[in-house]
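Please load the model in your viewer and follow the selections below, one stop at a time.

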Amino acid sequence: MTHRGRLALVLGGATYLGAWAFGSKILYPVALGLPLAVLLGWLWTALANRPLQLRRTLPGGERLEGDDVKVALELVSEQRLVPARWTLRERVGRLGERAMTVGQNGRARYMLRNVPRGRYEFEETVAVIEDPFGLERVEQRLDAAGALLVYPRLVELDRLFSDAGARAHDGRRLLLRRPS
């Protein structure tokens, strides 16, 4: 239950006590409606909370440093009781956390811009669903281990050595020279 849901329950209880204390019949529907809204929010998230699997694809071939990397996510479930919009939060190594909304088709995409070379693990992925009023929230951790490998960009060299280095001591370095 969210902070807003707890406040709605407290406000409903306080309104009920105020209606009883002052004899105001007009406050009873409000006093009963607030806990009922929390109950409906709980029911909404309980029906929508189902076992989920995450499928992540990285379209394209080899990823080089400085490129933009597209990540496509798909949530798959066996049951479909309540049409729900899930919010996915995913932490990608040192690149930070990304949040995106998954629609009715269960798919979402995001872009990692100007990625430096290295290996980045998809450390933690959490699926979050809330009721429409934000009174109840359910978080589900997803097992979607994987890594993103970004290779260094290779540059073709003209020559291996410079002109001065090729003639000096037949391309070798002398660590010690004797004074003449």
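## A leucine at the surface

Begin by selecting Leu47, which is partly exposed in this predicted model, because its relative accessible area of 38% lies between the limits of under 20% for buried and over 50% for exposed. Extend the selection to residues 28-48, and you have helix α2, in which Leu47 is found. Now add the side chains of Leu36, Leu39, Leu40, Trp42 and Leu43, which together with Leu47 make a nonpolar surface patch of about 580 Å².

## The open sheet

Turn next to the strands β1, β2 and β5, which form an open sheet in the order β1-β2-β5 with antiparallel pairing. Select 52-57 for β1 and 107-112 for β5: these strands stand at the edges, each with a single partner strand, so one side of each is left without a neighbour in the sheet. On average, neighbouring strands of this sheet are turned by 25° against each other, direction ignored.

Then select residues 69-77, which are strand β2, and look at the six bridges that join β2 to the antiparallel β5. For one pair to display, take Leu73, whose bridge partner in β5 is Ala108.

## The whole chain

Finally, show the entire chain, whose secondary structure comes to three helices and eight strands, running α-α-β-β-β-β-β-β-β-β-α from the N terminus on. Of its 180 residues, 29% count as buried, while the chain exposes about 13,000 Å², of which carbon and sulfur atoms supply 55%. If you draw the contacts with a separation of 6 or more, residues 24 or more positions apart account for 64% of them.

Key
Residues numbered from 1 in each chain as written. Predicted model: local features only at pLDDT ≥ 70, side-chain atom pairs only at ≥ 80, totals over all residues. Heavy atoms only, no water. Pairing = 2+ DSSP bridges. Helix = DSSP H or I, 4+ residues; strand = E, 2+ residues; numbered from the N terminus. Axes fitted to C-alpha atoms, helices over the stretch in contact; angles between N-to-C directions. Patch = residues over 30% accessible without salt bridge, like charges linked within 9 Å, V, L, I, M, F, W, Y side chains within 5 Å. Areas by Shrake-Rupley, 256 points an atom, 1.4 Å probe, with all protein chains shown as cover. Salt bridge = Lys/Arg side-chain N within 4 Å of Asp/Glu carboxyl O. Buried < 20%, exposed > 50% of the residue type's maximum accessible area, 1.4 Å probe, protein only. Contact = heavy atoms within 4.5 Å.
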